[in-house]
Amino acid sequence: MNAGVRSFDMRIGYQSGQSGDAKYILCHETWRSNVTLASALQQVSTFSEAHPQELIVLDFHRFNSMNKDAFDLAGLIQTLKQQLGTRLLPPSARSWTLGEISQRCCGASRPQSRP
């Protein structure tokens with residue numbers, strides 16, 4: 001089975017007046033979607049379970065506060081840890097190559113690429 005890399009660009013909106021899952025939503029600048037971050041991460045988790053050989057990269061950027069309050073980055077990190085748990089790479093992975101990430105996280109049975 002050939003593994004692949006999936007990359008998703010995620011722009012997160014913070015709604016300070018909301019609680020629970022509604023606190024973080026997917027957005028584009030000031031446009032708000034009805035999709036909560038928790039819902040999107042659940043879909044990522046489900047996909048990851050069904051396709052364990054896939055390496056999934058979530059590119060988080062453009063953290064928008066949807067009102068005047070500062071973006072709650074600590075809350076975002078907690079949400080990611082709660083939703084993805086052991087699927088998250090450890091901080092030590094910063095120095096790993098893509099090949100090392102694939103080998104350590106997608107299983108040793110993955111076919112090795114040849115130079």
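Begin by selecting R87, which at 37% relative accessibility counts as partly exposed, where buried means under 20% relative accessible area, exposed over 50%, and partly exposed in between, with a 1.4 Å probe and protein chains only. The model is a predicted one, in which local features need pLDDT of at least 70 and side-chain atom pairs count only at pLDDT 80 or more, while totals for chains, interfaces and linings use all residues. Residues are numbered from 1 along each chain as its sequence is written, and side-chain values use heavy atoms, with hydrogens and water left out.

**Around R87**

R87 is found in the loop between α2 and α3, the element names being those of DSSP runs, numbered from the N terminus, with helices as H or I of at least four residues and strands as E of at least two. Add E49 to the selection, and the side chains of E49 and R87 are seen to meet in a salt bridge of 3.2 Å, N to O, a salt bridge being a side-chain nitrogen of Lys or Arg within 4 Å of a carboxyl oxygen of Asp or Glu. This pair links distant parts of the chain, since E49 belongs to helix α1 and R87 to the loop between α2 and α3, 38 residues apart. E49, at 55% relative accessibility, counts as exposed. Select S45 as well: S45 and R87 are 42 residues apart in sequence, yet 8.2 Å apart in space, C-alpha to C-alpha.

**The largest pocket**

Which residues lie nearest the centre of the largest pocket? They are I56, L84, R87, L88 and L89, out of 28 residues that line the largest pocket. The elements giving two or more residues to this lining are α1 (37-50), β4 (55-65), α2 (73-84) and α3 (98-105), so colouring by element is a convenient way to follow the wall. The volume of the largest pocket is about 1,000 Å³. The search runs on a 1 Å grid over the protein atoms alone: a cavity is a set of points where a 1.4 Å probe fits but cannot get out, whereas a pocket is an open set with protein on both sides within 12 Å along at least five of seven lines, and lining residues have an atom within 4 Å of a point. Grid points are joined across faces, edges and corners, and a volume is the space filled by probe spheres set on the points. By class, the lining of the largest pocket holds 22 nonpolar, two polar and four charged residues, where Ala, Val, Leu, Ile, Met, Phe, Trp, Tyr, Cys and Pro count as nonpolar, Asp, Glu, Lys and Arg as charged, and the others, Gly among them, as polar.

Now pick out L89, whose place is in the loop between α2 and α3 and which, at 39% relative accessibility, counts as partly exposed. The C-alpha atoms of L89 and I101, twelve residues apart along the chain, are separated by 8.5 Å.

**Strand β1 and its salt bridges**

Move next to V5, which is in strand β1 (residues 5-14) and is partly exposed, with a relative accessible area of 45%. Together with V57 and L98, V5 makes a nonpolar surface patch of about 240 Å². Patches are made of residues with over 30% relative accessible area and no salt bridge, like charges being joined within 9 Å and nonpolar side chains (Val, Leu, Ile, Met, Phe, Trp, Tyr) within 5 Å; the accessible areas come from the Shrake-Rupley method with a 1.4 Å probe, and for residues only the protein chains shown count as cover.

Select R6 and E54, which form a salt bridge with the closest N and O atoms 3.2 Å apart. E54 lies in the loop between α1 and β4 and R6 in strand β1, so the pair ties together parts that are 48 residues apart in sequence. Is each partner buried or partly exposed? E54 counts as buried at 14% relative accessibility, whereas R6 is partly exposed, with a relative accessible area of 38%.

D9 and R11 also form a salt bridge, with 3.7 Å between the closest N and O atoms. Here D9 counts as partly exposed at 47% relative accessibility, and R11 counts as buried at 17%. The count of salt bridges comes to four.

**R62, then the whole chain**

Select R62 in strand β4, where phi is near 55°, a positive value in a residue other than glycine. Most residues other than glycine have a negative phi. R62 is partly exposed, with a relative accessible area of 43%.

Finally, show the whole protein chain, which has three helices and four strands, running β-β-β-α-β-α-α from the N terminus on. Of its 115 residues, 31% count as buried.
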